[in-house]
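Biologist: I'm new to this, and I'd like a close look at just one part of the model: its inside. Please start there, then work your way outwards in one go.

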Amino acid sequence: MADSKSRREFLSDTFSVFGAFAIGTALTTFSQRTALGETFKQATPLVPVQDETTGLPLLKLPEGFRYISYGWTGDQMADGQPTPTAHDGMGVISKANHLLLLTRNHELGKPGQPFKFKEGSPYDPSASGGCTQLVFDTLSSKWMTSYGAISGTVRNCAGGVTPWGSWLTCEESDAGTEDGNKLAHFQRQHGWVFEVPSEGVATAEPIKEMGRFVHEAVAIDRKTGYVYLTEDQGSAGFYRYRPNQPGRLAEGGVLEMAEVIGQDDLQGAFDNGSSYPVRWHRIANPTLETTNSDTKVETVYQQGKKQGGSTFSRLEGCWYGNDLIYFDATDGGAAKAGQIWQYDPQQETVTLLYESKDKRILNMPDNLCASPSGGLILCEDNDYAGEAPLPQRLLALTKDGHLRTFAENNIVLKGERNGIKGSYVDKEWAGSTFSPDGKWLFVNIQTPGITFAITGPWEDFLV
C-alpha cells in the first residue's frame, strides 16, 4: 500500500454515498410486519462451502457464495511476527486502485507482551491487545499481506472508520493502575479510543477527551463530524463527542451523554417503531481525573446519569449510513435477545427499529454493518445460558425488511491449520465490513481467530 494519498480513496466518504439506502424505511416496514405476527422465514438453505484457502468447510452459506480465509491465529505476518488471536472489530479504511486496506482489532485483555507495529512503540508495555492491518486485492481476489498497526492496548473490541481514512479502535475495559483493580498489573490506565492511520505510524496515544469507559464502537456523522460512541455494560450510555475541529479528534472536544426524553431506562420491552426526542448532557470529567487519591471519582456513565442521561442495555455495534446512526443493544428487550436502534442527528430522535422477541430469530446481535447496496449485516454473539451450543450466525436484514440467516459458523478443526483443534461453531462473529462496491464482505470469527472474505449474489440477500 505504498500509493500516495492523491491516489488513495478514503472509503468512509465512499460509504456515505453508496450507503444512502432507504434502510430506515425498510426497518420500519420490518417492524410493522413483526408487530403483525409475521415470523422469520429462511427461504434459502445454507450448505457447507469449502474455504478456497484450506479446502475445509468452515462456513455454511447460501449456494452461489464463496469465501477465502486469511490471517489465522499464528500465521506469520509480513513483519515476521505471528498473527495475534481474538479477532474482533474491523473496517475497510482506504482504497488504492484495486487494493483495499483493512484494520482489524484483537480483543486481548490480559497483561502480556505487546506485538510490534512499524516503527512505533506500544502504548502500555504490559498490555497485549492492539490492531493489525490487512491488504486485499479485489482484482485477483487474493489476500496480499498483513502487519502490526498498534499495540499495548486492552480488549480492542470494536471501533469505526473515519471519513479521512483511519480506524478508531476502542478499548472495552477501564482497567488501569488504581489500587484494588483486579487488573492492576498494567503500567498505564485503559478505557480509551485510539486512532490508527491508513498511512504512517499510529501514535499509540489515547484521545482522552473521548472518555474513559468500557468502549465498544463508534460512528461519525459525515455532516457534522460528531462521533457517536457505544458502551458495552449492563447499564450503558449512548454518547457523542463534538470535536473542537472536525477531523482532528485529538485536539480536544466535548463528550456528552444522551437523554431520551421521558425514558429513563430503555433496557426492557418497547414497541417496534417507538420514537423519542433526545437531548444531550456534557460530561464534566471524561478522563476520570482527580487531584485527591482518596476521593472516589464518578464514572462517565454515573456523571451522565446524574444529569438525566438514559440507560440502554449493553450497547455494541454502531454504524453510519443514510445520514443516520444505527446501533444495537445486544441483550436488550424483554427476551434479552437484542434491540436495533436508530438515531437521527437532524431530527434529534432515537427510534427502536426492531426488538427480538425470540432468540431463534435473532439472538444477541453484536457488531453490525451496512452494505453499500442496501441492507444490514448482524453478527451474533450469545452465550446460550447453559443450553447446548448452536452455530453462531450472520443475519441479513434486507432493504425491504426481510430478516434471514446468511451464514453459520461451521468450524471444526483437527489440527489442519497451525495445530488448532476443536469445535468452534459456538464462537462469535465480529468485524463485518463491506468493500466499497458491495461485492465483498469481510468478517471475523473471533475464536480461534480467522478472517474471511465472502462474495456472491448479494442482490438475493440485501437488495
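Modeller: First, one bit of vocabulary: a residue is called buried when its relative accessible area is under 20%, exposed when it is over 50%, and partly exposed in between (1.4 Å probe, protein chains only). By that rule Cys369 is buried, because its relative accessibility is 0%. Cys379 also has a relative accessible area of 0%, so it is buried too.

Before we go on, this is a predicted model: local features need a pLDDT of at least 70, side-chain atom pairs count only at 80 or more, and totals for chains, interfaces and linings use all residues. Residues are numbered from 1 along each chain as its sequence is written, and side-chain values use heavy atoms, leaving out hydrogens and water.

Back to our two cysteines. Why is there no bond between them? The sulfur of Cys369 has its closest cysteine sulfur in Cys379, and at 6.8 Å that is too far for a bond. Turn it around and you get the matching result: for Cys379, the closest cysteine sulfur belongs to Cys369, again 6.8 Å away and too far. A disulfide here means a pair of cysteine sulfur atoms within 2.5 Å, and searching the whole structure turns up 0 of them.

Those two have plenty of buried company, as 59% of the protein's 463 residues count as buried. The chain folds into 3 helices and 29 strands (DSSP runs numbered from the N terminus: H or I of at least four residues for helices, E of at least two for strands). Contacts, meaning heavy atoms within 4.5 Å, often reach a long way along the chain: among those between residues at least 6 apart in sequence, 58% join residues at least 24 apart.

Now let's move through some loops. Met364 sits in the loop between β20 (349–355) and β21, and it is buried because its relative accessible area is 8%. Its phi is positive, about 60 degrees, although Met364 is not a glycine. Arg314 also has a positive phi, near 45 degrees, without being a glycine. You'll find Arg314 in the loop between α3 (300–306) and β17; with a relative accessible area of 23%, it is partly exposed.

Glu199 is partly exposed as well, at 23% relative accessibility. Look for Glu199 in the loop between β11 (193–197) and β12. From C-alpha to C-alpha, Glu199 is 8.7 Å from Gly165, although 34 residues separate them in sequence.

Out on the exposed side we meet Asp271, which has 61% relative accessibility. Asp271 belongs to the loop between β15 (253–260) and β16 (275–282). Its C-alpha is 7.5 Å from that of Leu352, which is 81 residues away along the chain.

One more loop is worth a stop, between β28 (440–445) and β29 (450–455), where Pro448 lies. A cis peptide bond links Thr447 to Pro448, with omega at about 15 degrees.

How far should you trust all this? The average pLDDT (the predictor's confidence in each residue, from 0 to 100) is 88, and 87% of the residues score at least 70. Two stretches need care. Residues 1–8 stay under 50, and the model gives them 20 contacts beyond four places in sequence. Residues 33–39 stay under 50 too, with 6 such contacts. Where pLDDT is low, the predicted coordinates shouldn't be read in detail.
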